[in-house]
Each structure stands twice: as structure tokens, then as C-alpha cells.
Amino acid sequence: MTVPSFLFQGMSGVQIDHLATNIIVQYQPEVLKGGKAFDVHRFVDTKLEDLTGVIPVYSNELPPEIYGLTDSANKQVIFQEDLATDESSLNFFRSTQAHETGHCFLHVPQLQQRSRTQVFRQAKGEDGIHLYRKDDIPIYRNPEWQAWRFAGALLMPENPLRMILRDGASLGEIAETFGVNLPFLKTRLKALKILN
Ligand SMILES: [Zn+2]
């Protein structure tokens, strides 16, 4: 007998953006004025546990192909320590932390409420650029899509993103301002229908 996989609450992109913006408003509101990147590393280290009950851990014991892992049963989010300390991967590390933060806010509470557990793993090649449709789960219920949408919203909030675009910044400059990789910026611009 197959156990039906847990069906997460459907969420629209706008709803998810709203949640992420609320976090920025509370913890680093100056980001919304533009020109500044959200300090997701500090947020994870100082606020995540208080807000979600999930403890951040940095470890080299994850398999090398796993960058981040949220374990709802153990209430831990584990990050690949090598990634965390590799300056050249800073932007990718930021997106990984923002993505796992999305799982902690969006999915861990639902699992707890229904006494279910799940482990989310972010592996190589799962970078949020490709939307993968698993089975027949509609995209808005797909926890991976939701967590990536959340990560995009946390690191590239819509208002400052539109402001910097209006100012005529290049995509490279914008990515640098928000501390993200270029493909992730493009995904975000498509999600907001700014880019085709
Ligand atoms: Zn994930």
C-alpha cells in the first residue's frame, strides 16, 4: 500500500511574497527602501529558532551533494558547512538559506499540526531555476516551488526590485545588490512577470 504523500496547503505567489515581506519589515526594514541585501545568514542564526522552533546547524556530515536539509521531526535545518564558509559561493549559500527558511515557515508548522514528518533536501541541480512538477501535485501546492518562491521574495522583494529596475541598473548590478546569482534573479523577474 502506498502512503499518500502529505498534501501541503496551496499558496499563491502573492501570498508567499506577503509573508516574506512581513519578515523583512520586522527584521531588516531598510531593505525595502532599496540598495541593500537582506542578511539571511544573520536572520537564520539569530531569529529562525525563536520564530519557527527549527534549530540551524552547520555540518560537514551531510552528503556532499546535499547543500541544505530541513528535518521537521528533529526540528533542525542543516547547512553544508563547506558551502557556508566558501566565499565564492556566498550568493548560492544565501539562496540555500532562504529556501530552507521557506520550509521552516511554510511547511514545518503544517507537518506538526497533522503529526507528520518530512525531510526536505536541497541537492545539486535543484536550484529553483527549473520548476519540477512532481506527479500531479499542482505547482502551487508543491513545497519546493513554494520554498523557492519564498526564497526569491525574501532576497529580492518586489518593491525595491522594481525601483532598481526603474533606475536603469543592469541585471548584473541588480544581482550584486541583492546578493543573488543571475539565474535566480531571472527566475524572480519571470515569477513577477517583469521578464518573459
Ligand atoms: Zn526544498
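**Figure 1. Contacts and overall dimensions of the protein chain in the predicted model.** Among the contacts in the protein chain with a separation of 6 or more, 64% join residues that lie 24 or more positions apart. The C-alpha trace spans about 55 × 35 × 30 Å along its principal axes. A compact globule of 196 residues would have a radius of gyration near 16 Å, and the protein chain, at 16 Å, agrees with that expectation. Of the 196 residues in the protein chain, 35% are buried.

**Figure 2. Order of helices and strands along the protein chain.** The protein chain holds 10 helices and 4 strands, and when these are read along the sequence they follow the pattern α-α-α-β-β-β-α-α-α-β-α-α-α-α.

**Figure 3. The open sheet of 4 strands.** The strands are arranged in the order E1-E3-E2-E4, and their pairing is mixed. Strand E1 (55-59) and strand E4 (119-123) form the edges, since each of them pairs on one side only. From one strand to the next, the twist averages 15°.

**Figure 4. Pairing of strand E2 with strand E3.** Strand E2, which covers residues 66-71, and strand E3, which covers residues 76-80, are paired in the antiparallel sense over 4 bridges. Within this pair of strands, Leu69 stands opposite Ile78 in E3.

**Figure 5. Helix H5 packed on the sheet.** Helix H5 (residues 90-106) touches E2, E3 and E4 as it packs on the sheet, and the direction of H5 makes about 15° with that of E2. At 1.5 Å a residue, the 17 residues of H5 should span 24 Å, and the end C-alpha atoms of the helix are indeed 24 Å apart, so the expected and computed spans agree. Helix H5 is mostly covered, with 14 of its 17 residues buried.

**Figure 6. Helix H7 and its burial.** Helix H7 comprises the 13 residues 143-155 and reaches 18 Å from its first C-alpha to its last, which is close to the 18 Å expected at 1.5 Å a residue. Burial in this helix takes in 13 of its 13 residues, where a residue is classed as buried if 20 or more other C-beta atoms lie within 10 Å of its own.

Terms used
Residues are numbered from 1 along each chain as its sequence is written. This is a predicted model: local features need pLDDT of at least 70, side-chain atom pairs count only at pLDDT 80 or more; totals for chains, interfaces and linings use all residues. Helices (H or I, at least four residues) and strands (E, at least two) are DSSP runs, numbered from the N terminus. The radius of gyration is taken over C-alpha atoms; the globule rule is 2.2 Å times the number of residues to the power 0.38. A residue is buried if 20 or more other C-beta atoms lie within 10 Å of its own, exposed if 12 or fewer, and partly exposed in between; C-beta atoms are placed from the backbone. Two residues are in contact if their C-beta atoms, placed from the backbone, lie within 7 Å. The expected span of a helix is 1.5 Å times one less than its number of residues. Two strands pair if DSSP finds at least two bridges between them. Axes are lines fitted to C-alpha atoms, for helices over the stretch in contact, and angles run from 0 to 180 degrees between N-to-C directions.
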